[in-house]
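Please read the following note alongside the sequence and the coordinates. It takes up the chains, the helix contacts and the buried residues in turn.

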Amino acid sequence: MAEELVLDTAIRDWVLIPLSVVMVLIGVLRYFVSKLMRTSQLPDAKIIKEGQVIIRARNLRAAANFIPAKAFRARKLYYTNEDNGLLHVPKGQAQNPQAQMFSDPNMAMDMMKKNLSMIIPQTLTFAWVNFFFSGFVAAKIPFPLTQRFRSMLQNGIDLSTVDVSYVSSRSWYFLNLFGLRGLFSLILGEENATDDTQRMMQMSGFGFDPSKSLGAEKDGLDIVQHEWVLPKFEQRAEAVLRKRLS
Amino acid sequence: MAGHDDSGASGKKSSENEVPTFNVENMQSNMKVVYYSRTFMSIIGGVIAGILGFTGLMGFVVYVLVMAITSVCLTAKAGFSIHSYFDSWNRVLMDGFLGGLLSFVLFWTFAYDIVHIF
């Protein structure tokens with residue numbers, strides 16, 4: 001019962017292509033605007049220091065097997081010692097970064113700016129699409145879907161016998177929204193602020209970083225089993241030399 | 001195939017052979033190359049599937065085929081010794097699979113509509 005609808009050529013010219021072009025242009029615009037608006041945020045010295053300590057602890061954990069056992073233990077104690085180890089955060093201080101982040105006017109403003117610059121173009125475009133391009137079939141998706149998707153994809157079309165493959169322009173908007181992320185990452189360099197979830201994760205991890213990951217690194221260091229690989233290296237060197245010379 | 005080859009994946013193992021150590025920067029750059037290749041190929045594959053008029057399941061078969069070709073070419077570029085460029089097979093085979101799917105569907109729909117329901 002594949003009724004092949006014949007759709008007007010004008011729909012192609014005036015709906016699909018302009019919508020895609022507009023979304024690409026808005027994405028590019030948003031990228032440049034966010035680059036311009038990125039105020040030079042003076043990094044907080046304390047947070048950077050803690051971040052560097054975390055990186056050092058992580059390096060120690062990763063390369064633990066290349067230093068002798070005694071040296072490793074000395075370094076480990078330096079980090080995890082209960083009294084003055086670098087990674088030991090007193091309990092009362094643990095809550096501070098979070099509260100500080102939300103009350104710090106600079107950071108709050110930055111977060112709000114970034115949120116707005118994401119949400120406003122999407123909302124505006126969505127409203128524009130709904131206003132101008134509703135009430136007709138816009139595209140045909142090449143694969144069949146079940147009937148349950150009908151209400152989601154065909155919101156403006158009030159005929160219930162039309163094949164679910166024929167969708168309205170709202171679903172074309174959503175398809176563009178998700179599909180153009182890949183295109184943006186190709187033409188705009190690296191993955192930029194067009195991806196909501198990634199940005200949200202980055203945002204939420206920023207303030208909690210110092211307090212929680214210090215504890216996590218400390219636990220990680222405590223767990224490491226040290227096994228010195230250097231004694232075996234003589235054999236390995238011998239094997240490599242043998243291979244070279246033979 | 002339009003050779004979307006970046007300037008080669010950079011080898012990342014340090015001098016040890018038994019103890020696996022990874023140079024994180026190189027590994028990240030390799031992963032980026034894989035990601036870009038997959039995205040590009042999924043876009044091209046979408047356009048091809050749309051122009052040729054595949055519908056339904058055949059289109060997804062085309063997508064899997066294009067991803068497989070990309071994997072084979074990436075493996076060939078890495079000289080078939082995956083372990084000196086990536087830390088596991090999964091990374092080079094499975095990484096951008098789902099991410100590319102959405103772009104594929106978008107361009108597939110686009111090309112299909114433009115060409116066939118015009």
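The numbered points below go from the two chains to their helix packing, and then to the cores and to single residues.

1. The model under discussion is predicted, and the remarks that follow should be read with that in mind. Chain A contains nine helices and two strands, and their order, read from the N terminus, is α-α-α-α-α-β-α-β-α-α-α. Of its 246 residues, 33% count as buried. Among the contacts in chain A between residues at least 6 apart in sequence, 71% join residues at least 24 apart.

2. Chain B is built from four helices and zero strands, so the order of its elements from the N terminus reads simply α-α-α-α. Of the 118 residues in chain B, 42% count as buried. Where the separation in chain B is 6 or more, residues 24 or more positions apart account for 76% of the contacts.

3. Within chain A, helix α1 (residues 9–37) packs against helix α7 (residues 169–187) at an angle of about 45°, and their axes lie 10 Å apart. Because an angle that is neither under 35 nor over 145 degrees, and not from 65 to 115, counts as oblique, α1(A) and α7(A) are oblique to each other. The crossing in which α1(A) passes α7(A) is right-handed. On the side of α1(A), the contact is made by Val15(A), Leu16(A), Leu19(A), Ser20(A), Met23(A), Val24(A), Gly27(A) and Val28(A), while α7(A) contributes Ser169(A), Trp172(A), Tyr173(A), Asn176(A), Leu177(A), Leu180(A), Leu183(A) and Phe184(A). By character, the residues of this contact between α1(A) and α7(A) divide into twelve nonpolar, four polar and no charged.

4. A second helix pair in chain A consists of α2 (residues 45–62) and α3 (residues 69–80), which pack at an angle of about 150° with their axes 11 Å apart. That angle makes α2(A) roughly antiparallel to α3(A), since the term applies over 145 degrees. The crossing of α2(A) and α3(A) is left-handed. From α2(A), Val53(A), Arg56(A), Ala57(A) and Leu60(A) meet Phe72(A), Arg75(A), Lys76(A), Tyr78(A) and Tyr79(A) of α3(A). In this contact of α2(A) with α3(A), six residues are nonpolar, no residue is polar and three are charged.

5. Helix packing also joins the two chains, as the axes of α1(A) and α4(B) come within 12 Å and cross at roughly 160°. With this angle, α1(A) is roughly antiparallel to α4(B), and α1(A) passes α4(B) in a left-handed crossing. Here Arg12(A), Leu16(A), Ile17(A) and Ser20(A) of α1(A) meet Phe110(B), Asp113(B) and Ile114(B) of α4(B). The residues of the contact of α1(A) with α4(B) comprise four nonpolar, one polar and two charged.

6. Which residues have the most contacts inside the largest nonpolar core? This core has 34 residues, and those with the most contacts inside it are Trp172(A), Leu180(A), Phe104(B) and Leu106(B). Two or more residues each come from α1, β1 (137–140) and α7 of chain A, together with α1 (24–52), α2 (57–77) and α4 (97–116) of chain B. Leaving out residues up to four places away in sequence, Leu180(A) touches Ser20(A), Met23(A), Val24(A) and Leu106(B). A second, separate core of eight residues includes Leu60(A), Phe72(A), Tyr79(A) and Val224(A).

7. Leu19(A) is located in helix α1 of chain A and is buried, with a relative accessible area of 0%. Apart from neighbours within four places in sequence, Leu19(A) is in contact with Trp128(A), Val129(A), Ser169(A), Trp172(A), Tyr173(A) and Asn176(A). Leu19(A) and Val6(A), which are 13 residues apart in sequence, are 21 Å apart in space, C-alpha to C-alpha.

8. In chain B, is Thr109(B) buried or exposed? Thr109(B), which is found in helix α4 of chain B, counts as buried because its relative accessibility is 0%. Not counting residues up to four places away in sequence, Thr109(B) touches Lys140(A), Ile141(A), Pro142(A), Trp172(A) and Leu175(A).

Notes:
Residues numbered from 1 in each chain as written. Chains lettered and ligands numbered in written order. Predicted model: local features only at pLDDT ≥ 70, side-chain atom pairs only at ≥ 80, totals over all residues. Heavy atoms only, no water. Axes fitted to C-alpha atoms, helices over the stretch in contact; angles between N-to-C directions. Left-handed = near helix turned anticlockwise from the far one by under 90°. Contact = heavy atoms within 4.5 Å. Nonpolar A, V, L, I, M, F, W, Y, C, P; charged D, E, K, R; others polar. Core = buried A, V, L, I, M, F, W, Y, C linked by side-chain atoms within 4.5 Å. Buried < 20%, exposed > 50% of the residue type's maximum accessible area, 1.4 Å probe, protein only.
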